[in-house]
Amino acid sequence: MLNAQKSIQAKETTWIIDHATGALTVEGLTERELLSVASDLLPEAAHVNCARPINAPPVQMGSPATAVAEEDSLYVFRVYHGSVVEGPGRRSVAQLSGCPILCRGCSVPQTHRLDAGTLLSISEVINLVLDTAGEPRDGVTVLGGEPFMQPDGLTALLRELKSRNQHLTLYSGYTIEELRARTEASVHEALSLADILIEGRFVVAQSQGAGEWRGSINQRIINNPATWRA
Ligand code: SF4
């Protein structure tokens, strides 16, 4: 994978070429700006923004979304593979539905309602995330929506993935201080299972120059969040 920085009109951009598939990911430019500088090199552009993959429709299986999520189930908006912008390396991604935070400028408002997703058992989610016919993978990312809206199911999923030796990147719109202040044991177990936590609200005014994995500069990338100290 080639990861090159290129300055265009005083903007920070990130260009990532996936040598396995030939896919090019560009962060930091609008579609119009990208076409203005590279229209002769590129096919028709498509966004692969924070939690917004190409060709990944919502999950269409499982129970109706009126059921109550238990510890062994999760509302899942979609699962996709080959992401190179949501944690280190190439990742399979489980995008959960439901988010009460409602950041202004959120790029995935379609995930905000819990019932935008489909209620799946943890084993169904594991099968979707890991059974990918040899899809190369450096780890699994869980994002939303807001994953901690379903702390019991989230923790059960992370537990199963970790038992299968997966590197885990976890996104949350809550800060680590807010998460640590919560009383549910499952929240604390989820933090102990994650290898990387990318946390905090999306702030549209701080989105310029956020880099590869974050939506805005205020968000923090925290390795081993269980041992984090302020
Ligand atoms: S926390 Fe994430 S999904 Fe929720 S509103 Fe903010 S950016 Fe959107």
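Is K162 buried, partly exposed or exposed? In this predicted model, K162 has a relative accessibility of 27%, so K162 counts as partly exposed. The side chain of K162 meets that of D195 in a salt bridge, with 2.7 Å from N to O. This pair links distant parts of the chain, since K162 sits in helix α3 and D195 in the loop between α5 and β9, 33 residues apart.

## Overall make-up

The chain contains 5 helices and 10 strands. Of its 230 residues, 45% are buried. Among the contacts with a separation of 6 or more, 62% are between residues 24 or more positions apart.

## Nonpolar cores

The largest nonpolar core holds 35 residues, and the members that touch the most others are V129, F148, L154, L157, L158, L161 and L170. Eight elements are not listed in full here, but those giving two or more residues to this core include β4 (73-83), β5 (91-96), α2 (122-130), α3 (151-163) and α5 (185-193). Apart from this core lies another, of 6 residues, among them L143, Y171, I196 and I198.

F148 can be followed further through its contacts. Leaving out residues up to four places away in sequence, F148 touches L154, L170, S172, Y174, L179, R182, V187, A190 and L191. Two of these partners, R182 and Y174, are also related to each other: R182 lies over the face of Y174, at 5.8 Å from the ring centre. Aromatic pairs, by contrast, number 0 in a search of the whole structure.

## Strands β8, β9 and β10

Strand β9 spans residues 196-199 and is covered on both faces. I196 and I198 are buried on one side, and L197 and E199 are buried on the other. This arrangement follows the general pattern in which side chains of a regular strand alternate between the two faces of the sheet.

β9 pairs with β8 in the parallel sense over 4 bridges, and T169 stands opposite I196 of β9. β9 also pairs with strand β10 (residues 220-223), here in the antiparallel sense and again over 4 bridges. On that side, L197 has I222 of β10 as its bridge partner.

I221 belongs to strand β10. Its relative accessibility is 38%, so I221 counts as partly exposed. Outside its neighbours within four places in sequence, I221 is in contact with I196, L197, I198, W213 and R214. The C-alpha atoms of I221 and Y171 are 9.3 Å apart, although the two residues are separated by 50 positions along the chain.

## Salt bridges

The count of salt bridges comes to 8. Three of them are listed below.

| Pair | N to O distance |
|---|---|
| D115 and R113 | 2.6 Å |
| D195 and K162 | 2.7 Å |
| R182 and E184 | 2.9 Å |

How exposed are the partners in the D115 and R113 pair? D115 has a relative accessibility of 38% and counts as partly exposed, whereas R113 reaches 56% and counts as exposed. In the R182 and E184 pair, E184 is partly exposed, with a relative accessible area of 30%. Further salt bridges share partners and join E177, E199 and R220 into one network. E199 of this network is one of the buried residues of β9.

## Backbone geometry

Most residues other than glycine have a negative phi, and most peptide bonds are trans. Three places in the chain can be set against that background.

The peptide bond from G144 to G145 is cis, with omega near 5 degrees. G145 lies in the loop between β7 and α3.

N165, which is not a glycine, has a positive phi near 65 degrees. N165 is placed in the loop between α3 and β8. With a relative accessibility of 71%, N165 counts as exposed, because the cut-off for that class is over 50%.

N224 likewise has a positive phi, of about 45 degrees, and is not a glycine. N224 is found in the segment after β10. At 45% relative accessibility, N224 counts as partly exposed.

Terms used:
Residues numbered from 1 in each chain as written. Predicted model: local features only at pLDDT ≥ 70, side-chain atom pairs only at ≥ 80, totals over all residues. Heavy atoms only, no water. Phe/Tyr/Trp six-rings, centres within 6.5 Å; stacked < 30°, edge-to-face > 60°. Lys NZ or Arg CZ within 6 Å of the ring centre and 35° of its normal. Core = buried A, V, L, I, M, F, W, Y, C linked by side-chain atoms within 4.5 Å. Buried < 20%, exposed > 50% of the residue type's maximum accessible area, 1.4 Å probe, protein only. Contact = heavy atoms within 4.5 Å. Pairing = 2+ DSSP bridges. Salt bridge = Lys/Arg side-chain N within 4 Å of Asp/Glu carboxyl O.
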